[in-house]
Amino acid sequence: MSGYARAIALVLAMTLLLGGCSTPIGVRRLDPREAYRSSTASPLGGDGAGSSTVVILHRFNLTAEYQTDPAAAIRTLHARTLEDKRRDIVFALAELTYIEAERLTRSGDAAERHRAPDCFLLAAVYAYYAILKPDLQPAPSLFDRRLQAAIDLYNLSLWQGLKTGEEGGIELKHGIRRLPVGGIEIKVDHHRLPWDFSQFTRFEAADGYAIRGLSVRNRSDGLGVPLIAVRRSASENLFGSQAIPTTAFLRLEDDLARLGNGAMRATLELHSAYDNDTVAVAGQEVPLEKDTSITTAYKLAEEEIWSFGIDAFLGRLQDVPSRLYRFQPYEPDRIPVIFVHGTMSSPVWWAEMINTLSGDPVLGRRYQFWYFFYNSSRLITVSALDLRRAIAANIARFDPGRNSAAMQRMVVIGHSQGGLLAKLTAVDTGDRLVAATIAGKIEDLRTSNENKEMIRDNMVITPLPAVKRLIFISTPHRGSYLSLNFARNLVHRVITLPVGLVKGLGRIYGFLSDNVRHHWQGKIPTSVDTMSPTDPLLQAIAATPLAPGVKGHSIIAIDDPGIQPPAGDDGVVTYRSAHLDGMESEFIVRSGHSCQERPETIEEVRRILLEHLEER
């Protein structure tokens, strides 16, 4: 084209532009939502590469190559990072590799789908360096959106990269993985877990499950893949299996040059979510991604667990012993909080409270949560004896030398009947209970030493020195008006007491005072008998003060919001029955009897536990 022709063409182009056609460069108005979506576009949201990654492809003239051969474009960019230390290139590699891994996952070619986990693992490697490599420029900024995107890419890519087992199961094993660019040699480090690694049967991704039934899912943001570590069932576990929340963190030990030159070294660290909040990387503390709610919901998904309380009360579970179970592995520096359920109940009804308290940033690090399971139809003093023995056995097992200050500051929380059992861990009854039930003194009874010892164990109670604080929730200290004759007769018809208990109580029945035998209607007593407002044993327990140095708190439910104490009840227990003089605090919650799941109740327990931490 001649110079004259080019001039004419330029004039015509300018004329068209001035006539109203769009300019090659300009702007278009966006509403705020569209603007936000544009600025936060990410492959994790299904949007394809973000704008900053598009810039990198354009910078190195790789746009066309990426569209036709993504793997080749990734290799070209990888080679560039070995010389060019700009951080934005590594950000882009993380995104592009993740997109390629997603494509492989959806491929109709089985061989390509098989390569997807290795491609995801490579995306995690790039994301790790984009976040944590100190010699890349510029230093990562808290206000850089790409930083949070890279954190999400690392976590999700590592999860997908570990899915090399059967049917996409999580595999944690030593070995060399061949990646689209080079190789990586992985060593698994499990020494931070509280149990022997060989006892775990499987690991599952926490994010692979939605949670139902719990009002709060306790998660903390950071790096790593939250996992459910499932262990073989053990005798110390009430549920069918044990599981602890765990986080997998892949630590890279070489630079990117080693990735394509042999095998980069890496350590896959497993951290208990109950213990570690951070990991040290390149001189800085990096938060771990954690999910402490998932194992609670995972274990409680077993249907038979929910009937344990009723089945035990009715005598259908004769072989389930009263035991103190640990919700989490024992930690010597954490104060035990023991939850004791009520009548026809079980530890599952503490799930909401335990989930909330264990997720608290302060309480979760300072306390460990245990629960006591017992047959709630048995005589209260019998179950209380089992509780005291269980606490003493755990102290002897875990702290025989009494070296743990935390173990000597236990808190016991009881709901309903469980509050009565809790009280009997921290009182000195002297001969008060014996005088209320037995006709004469123990030493004067004409019976075997074995029977005398059984009476003494149940009726002469001394406080456990390790128990320093009690919390009573809807506790019928002076009985429940539902434990009157009609209910008691009905209970005797439907429950089957353990044979051993019947024989034991039968041996001492003749030594009961006449008024006690009359009250118990000539039958072996159940817990419902002893929770009658007229029961002599219950009245004697109510009149017994807490031992010196033990602090108590009452949480009392009143169902009708228009009624004020001392009137009112929760449908089972009256205020007057639940009230105790001398408590450190008394909190009224507007609720029915089962108020332990109420947010107000949980918040009051949290307040008390924080108060307990401040005292020495």
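**Exercise 1. The surroundings of Phe 339**

Leaving aside neighbours within four places in sequence, find the residues that Phe 339 is in contact with.

*Solution.*
- Step 1: Contact means heavy atoms within 4.5 Å. With sequence neighbours within four places left out, Phe 339 is in contact with Trp 350, Met 353, Ile 354, Leu 357, Phe 369, Trp 370, Tyr 371, Phe 372 and Ile 413.
- Step 2: Check what you're looking at. This is a predicted model, where local features need pLDDT of at least 70 and side-chain atom pairs count only at pLDDT 80 or more, while totals for chains, interfaces and linings use all residues. Residues are numbered from 1 along each chain as its sequence is written, and side-chain values use heavy atoms, with hydrogens and water left out.
- Step 3: Now place Phe 339 in its core. A nonpolar core is a set of buried Ala, Val, Leu, Ile, Met, Phe, Trp, Tyr and Cys residues joined through side-chain atoms within 4.5 Å; buried means under 20% relative accessible area, exposed over 50%, and partly exposed in between (1.4 Å probe, protein chains only). The largest core has 102 residues, and Phe 339 is one of the four that touch the most other members, along with Tyr 154, Ile 184 and Leu 250.
- Step 4: Helix α7 (residues 110–132) gives the most to this core, with 15 residues. Helices (H or I, at least four residues) and strands (E, at least two) are DSSP runs, numbered from the N terminus.
- Step 5: Don't miss the second, separate core: it has 46 residues, among them Ile 395, Ile 438, Met 459 and Met 531.

**Exercise 2. Aromatic rings**

How many aromatic pairs does a search of the whole structure find? Describe two of them.

*Solution.*
- Step 1: Rings of Phe, Tyr and Trp (its six-membered ring) pair if their centres lie within 6.5 Å; planes under 30 degrees apart count as stacked, over 60 as edge-to-face and the rest as tilted. The search turns up 16 pairs.
- Step 2: Take Tyr 209 and Tyr 298. Their rings sit 5.8 Å centre to centre with 85° between the planes, an edge-to-face pair. Tyr 209 is in the loop between β3 (200–205) and β4 (219–220) and Tyr 298 is in helix α10 (residues 294–300), so the two are 89 residues apart and the pair links distant parts of the chain.
- Step 3: Tyr 209 is partly exposed at 32% relative accessible area, whereas Tyr 298 is buried at 17%.
- Step 4: Next, Tyr 330 and Trp 370. This pair is tilted, with 6.4 Å between centres and 55° between planes. Tyr 330 lies in the loop between β11 (323–326) and β12 (335–340) and Trp 370 in strand β13 (residues 367–373), so the pair ties together parts 40 residues apart in sequence. Both residues are buried.
- Step 5: Ring pairs also link Tyr 128, Tyr 129, Tyr 154 and Phe 249 into a cluster.

**Exercise 3. The 7-strand sheet and its helix**

What is the strand order in the open sheet of 7 strands, and where does Thr 601 fit in?

*Solution.*
- Step 1: Two strands pair if DSSP finds at least two bridges between them. The order is β11-β13-β12-β14-β15-β16-β17, with mixed pairing.
- Step 2: β11 and β17 (585–589) are the edge strands, each pairing on one side only.
- Step 3: Look at β17 and its partner β16 (residues 551–557): they run parallel, joined by 5 bridges. His 553 stands opposite Ser 585 in β17.
- Step 4: Helix α24 (residues 599–614) lies across β12, β13, β14 (410–415), β15 (467–473), β16 and β17, at about 165° to β15. Axes are lines fitted to C-alpha atoms, for helices over the stretch in contact, and angles run from 0 to 180 degrees between N-to-C directions.
- Step 5: Thr 601 is in α24 and counts as buried, at 0% relative accessibility. Residues up to four places away aside, Thr 601 touches Met 353, Ile 473, Ile 555, Val 589, Cys 595 and Gln 596.

**Exercise 4. The 6-strand sheet**

Which strands stand at the edges of the other open sheet, and which helices pack on it?

*Solution.*
- Step 1: The 6 strands run in the order β1-β2-β7-β6-β5-β3, with mixed pairing.
- Step 2: β1 (175–178) and β3 each have a single partner strand, so one side of each is left without a neighbour in the sheet.
- Step 3: β1 pairs with strand β2 (residues 183–189) in the antiparallel sense over 4 bridges, and Gly 175 stands opposite Ile 186 in β2.
- Step 4: α7 lies across β1, β2, β6 (242–252) and β7 (264–272), running at about 70° to β6. Helix α8 (residues 145–161) touches β1, β3, β5 (225–231) and β6, and its direction makes about 105° with that of β6.
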